[in-house]
Amino acid sequence: MKKIEAVIKPFKLDEVKEALNEIGIQGLTVSEVKGFGRQKGHTELYRGTEYVVDFLPKIKMEVVVSDDMAAKVVETITEAAKTGRIGDGKIFVLSVEEVVRIRTGETGPEAL
C-alpha cells in the first residue's frame with residue numbers, strides 16, 4: 001500500500017477531489033496548511049506598511065491506496081492541480097506497512 005500526500009493550491013481542491021472521485025478514490029483526508037518552497041512568499045501592503053508573507057496557504061491531501069493504484073492517483077492529482085505557475089505544489093509517495101480499520105478490526109487492503 002502507498003500513502004500519497006499532495007500539497008496543492010487551495011483553489012484547486014475541488015478539481016482534484018472530483019478527478020480522484022472519477023477514478024474510484026472514495027476517501028481522503030484534507031488539511032489546511034501553510035508553507036513555502038521556491039516561491040519564498042511575497043510582500044503585501046497594509047495601511048501603508050509593507051509586510052512580508054513568508055508562509056502561503058496550501059492544502060495538504062492524504063490518501064492511502066493499493067500499490068497498483070498509486071501511479072494513477074499521482075497522475076490524476078498532477079493533471080488536476082497543475083496551473084503551470086510556480087507554487088503548484090508537490091506530491092510525496094510513501095510506503096504504508098499496515099492499515100487497521102478501528103470499527104471492525106480489519107487489517108491490510110480490506111481496511112482501505
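**Close-up 1. The second largest pocket, about 300 Å³ in volume.** Like everything in these views, this pocket comes from a predicted model. Its lining takes in 15 residues, and Phe36, Gly37, Arg38, Gly89 and Lys90 are the ones that lie nearest the centre. Strands E2 and E6 each put at least two residues into the lining. By residue class, the lining of the second largest pocket splits into five nonpolar, five polar and five charged.

**Close-up 2. Phe36 and Phe55 make a tilted aromatic pair.** Phe36, which turned up among the residues nearest the centre of the second largest pocket, is back here with a partner. The two rings sit 5.5 Å apart, centre to centre, with 55° between their planes. Phe36 belongs to the loop between strand E2 (29-35) and strand E3 (42-46), and Phe55 to the loop between strand E4 (49-53) and E5, so the pair ties together parts that are 19 residues apart in sequence. How buried or exposed are the partners? Phe36 has 46% relative accessibility, so it counts as partly exposed. Phe55 is also partly exposed, with a relative accessible area of 48%. If you go looking for further pairs of this kind, the count stops at one aromatic pair.

**Close-up 3. The largest pocket, with a volume of about 360 Å³.** Here 18 residues make up the lining, and Gln26, Gly27, Val63, Val64 and Leu112 lie nearest the centre. Strand E5 supplies the largest share of that lining, four residues. The class split for the largest pocket is 10 nonpolar, five polar and three charged.

**Close-up 4. The largest cavity, about 30 Å³ in volume.** Across the whole structure, the search turns up one cavity of 30 Å³ or more. Its lining is made of Ile4, Ala6, Leu20, Leu28, Met61, Glu62, Val63 and Ile77. Val63 is worth a second look, having also been listed among the residues nearest the centre of the largest pocket. E1 and E5 each bring at least two residues to the cavity lining, and E5 gives the most, with three residues. Seven of the lining residues are nonpolar, none is polar and one is charged.

**Close-up 5. The largest nonpolar core, built from 16 residues.** As a general backdrop, nonpolar side chains in soluble globular proteins tend to be buried together. In this core, Ile4, Ile8, Val16, Leu20, Val65, Val73 and Ile77 touch the most other members. The elements giving two or more residues are E1, H1, E5 and H2. Helix H2 gives the most to this core, with five residues. Ile4, Leu20 and Ile77 may look familiar, as they are among the residues that line the largest cavity.

**Close-up 6. A salt bridge between Glu5 and Lys60.** The two side chains meet at 3.8 Å, N to O. Glu5 is in strand E1 (residues 2-8) and Lys60 in strand E5 (residues 56-65), so this contact ties together parts that are 55 residues apart in sequence. Glu5 is at 14% relative accessibility and so counts as buried. Lys60, at 25% relative accessibility, counts as partly exposed.

**Close-up 7. Asp88 and Lys9 bridge two loops.** Their side chains meet in a salt bridge of 3.8 Å, N to O. Asp88 sits in the loop between helix H2 (67-81) and strand E6 (89-95), while Lys9 sits in the loop between E1 and helix H1 (13-22), so the pair ties together parts that are 79 residues apart in sequence. Buried or exposed? Both Asp88 and Lys9 are buried.

**Close-up 8. Glu106 and Arg101, plus a salt-bridge network elsewhere.** The side chains of Glu106 and Arg101 meet at 2.9 Å, N to O, in a salt bridge. Glu106 is at 33% relative accessibility and counts as partly exposed. Arg101 is at 26% and counts as partly exposed too. For the network, shift the view to Lys3, Glu5, Lys60 and Glu62, which are joined into one network by salt bridges that share partners. Of these, Glu62 also helps line the largest cavity. To round off the tally, the whole structure holds six salt bridges.

Methods
Residues are numbered from 1 along each chain as its sequence is written. This is a predicted model: local features need pLDDT of at least 70, side-chain atom pairs count only at pLDDT 80 or more; totals for chains, interfaces and linings use all residues. Side-chain values use heavy atoms; hydrogens and water are left out. A salt bridge is a side-chain nitrogen of Lys or Arg within 4 Å of a carboxyl oxygen of Asp or Glu. Buried means under 20% relative accessible area, exposed over 50%, partly exposed in between (1.4 Å probe, protein chains only). Rings of Phe, Tyr and Trp (its six-membered ring) pair if their centres lie within 6.5 Å; planes under 30 degrees apart count as stacked, over 60 as edge-to-face and the rest as tilted. On a 1 Å grid over the protein atoms alone, a cavity is a set of points where a 1.4 Å probe fits but cannot get out, and a pocket is an open set with protein on both sides within 12 Å along at least five of seven lines; lining residues have an atom within 4 Å of a point. Grid points are joined across faces, edges and corners, and a volume is the space filled by probe spheres set on the points. Ala, Val, Leu, Ile, Met, Phe, Trp, Tyr, Cys and Pro count as nonpolar, Asp, Glu, Lys and Arg as charged, and the others, Gly among them, as polar. A nonpolar core is a set of buried Ala, Val, Leu, Ile, Met, Phe, Trp, Tyr and Cys residues joined through side-chain atoms within 4.5 Å.
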